[in-house]
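Trainee: I would like to learn how the words used for a protein structure are justified. Could we go through one together, step by step?

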Amino acid sequence: MDYVEVLKDLISIDTTVPPGSNYDKAIDYLEPLFKESGFDAQKIVIPAQYAEGREGRVNLVCHRREKDKPRLILYGHIDVVPAEGWDAFKPRVENGKVYGRGAADMKGSIVAFLEATQSLKGKPLNFDVSVMITTDEESSQATQIEYLKQHLEPVFGAYFLNLDSSFGFVSIASLGALHVDIKVRGKSVHSGLSHLGENAIEKATPLIQALLDLKHKAEQRKSAVPTHPDTKLSQMQGRLNINMIKGGIKVNIVPDECLISVDRRLIPEENIEDARRELLDTLASVPGVTWQLERVHRIPTVPPADDPVVDRLAAVIGDITGQANKFGEMGSGDLSHIVAGWGCKAFGLGVIRPECNIHGREEFVYLKDIEHVTKIIARFLSTQG
Ligand SMILES: [Zn+2]
């Protein structure tokens, strides 16, 4: 297998979501490669009711079962975010990098995994392995993941290695997230008669001030889990950001609505319900403002992965790259909390670096990183790797 050609082929299949129209092409391309690596590969069509009504979401579940070994499930996704203004689906190799949408997030990781397992064909594995190649990660895939569970059993107690992750260390934790839209109510009148109305934007300002006080508190919360030096932090930290504000329709009309969107991120030691209560109490402490919650989205926190198998992966990374680290990510995703609900121990390793510009223009992956991850996976999966 020429892994650079495989990566270029995969990037050339435009799996942008929305709409996700070429998923079947990408899965059809991958299926024989997994079979060549000694996997039983099974295409799974996700029923529309598990894919938010979208038809024809094809996923791939592959197994190399060794039932007396510890269970390991690996995760990848083939969809990519939209790209505009550059040749995102005409991959090019330049200075040891492959450019193209999805190169680092995360087709490069899938290729590293395939390359690793091709080298392990016929050799005993350390684990009872299944792989899930999924769709719609970049839009919303929680229900699809739940549907796939039946094809991945047994999942309870399994190790869960997320290949959609950073390069060079084991990712052992991520932030919880609480997204809240707060609608502040006022009363609309002509600007000249504003004494008869209630200005929703002006009423929102003391709420915003209270949220900024809570932001300060949240940022003081430091986790015991260290983060990668690239984050310029030493440990994971709580966050609160007011990231959107909408209100008003015209300069001469007193606005009757103002919508504030808050993104609160939680360290693993925090609890999502406590954070929700704290946010509501903060808002309720402001007198004389009428508000309601329009939308609440929660990603609960998950305790950091702490297990000898995780330490062994870190040690393998150390042997191959010279650094054996475990860090928490200053990001959040549904996946780790879903699989924590299944009883899995989730951790991550991939080919993403900050400079890879995933989701941006000229996304790229280092060929060297793919080669390193290939070796790391091979050695982690088999003593003969
Ligand atoms: Zn991704």
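Mentor: Let us begin with a term: a strand is a DSSP run of E with at least two residues, and strands are numbered from the N terminus. Arg185 is found in strand S9, which covers residues 176–185. Please keep in mind that this is a predicted model.

Trainee: What makes Arg185 count as partly exposed?

Mentor: The term partly exposed is for residues between the two cut-offs, buried being under 20% relative accessible area and exposed over 50%. Arg185 has 31% relative accessibility, so it counts as partly exposed. Contact means heavy atoms within 4.5 Å, and, leaving aside neighbours within four places in sequence, Arg185 is in contact with residues including Glu198, Asp256, Glu257 and Thr290.

Trainee: Why is Val351 called buried?

Mentor: Buried means under 20% relative accessible area, and Val351 has 0%, so it counts as buried. The place of Val351 is in the loop between strand S16 (345–348) and strand S17 (364–366). Beyond its neighbours within four places in sequence, the residues in contact with Val351 include Ala103, Gly108, Phe167, Cys356 and Val373.

Trainee: How do you know that the protein chain is as compact as a globular protein of its length?

Mentor: First, the protein chain has nine helices and 17 strands. The radius of gyration of the protein chain is 23 Å, and the globule rule gives 21 Å for 385 residues; the two are close, so the chain is as compact as a globular protein of that length. Buried residues make up 53% of the 385 residues in the protein chain.

Trainee: What makes a set of residues a nonpolar core?

Mentor: The residues must be buried, belong to a list of kinds such as Leu, Ile and Phe, and be joined through side-chain atoms within 4.5 Å. The largest nonpolar core has 73 residues, of which Leu30, Phe34, Phe347 and Leu381 touch the most other members. Helix H3 (residues 103–119) gives the largest share of this core, nine residues. Apart from it lies another core, of 23 residues, among them Ile182, Leu211, Leu240 and Ile272. As a general tendency, nonpolar side chains in soluble globular proteins tend to be buried together.

Trainee: Which residues does Phe34 touch, not counting those up to four places away in sequence?

Mentor: Phe34 touches Phe39, Ala41, Leu60, Cys62, Phe113, Leu114, Val131 and Ile133, with residues up to four places away in sequence left out.

Methods
Residues are numbered from 1 along each chain as its sequence is written. This is a predicted model: local features need pLDDT of at least 70, side-chain atom pairs count only at pLDDT 80 or more; totals for chains, interfaces and linings use all residues. Side-chain values use heavy atoms; hydrogens and water are left out. Helices (H or I, at least four residues) and strands (E, at least two) are DSSP runs, numbered from the N terminus. The radius of gyration is taken over C-alpha atoms; the globule rule is 2.2 Å times the number of residues to the power 0.38. Buried means under 20% relative accessible area, exposed over 50%, partly exposed in between (1.4 Å probe, protein chains only).
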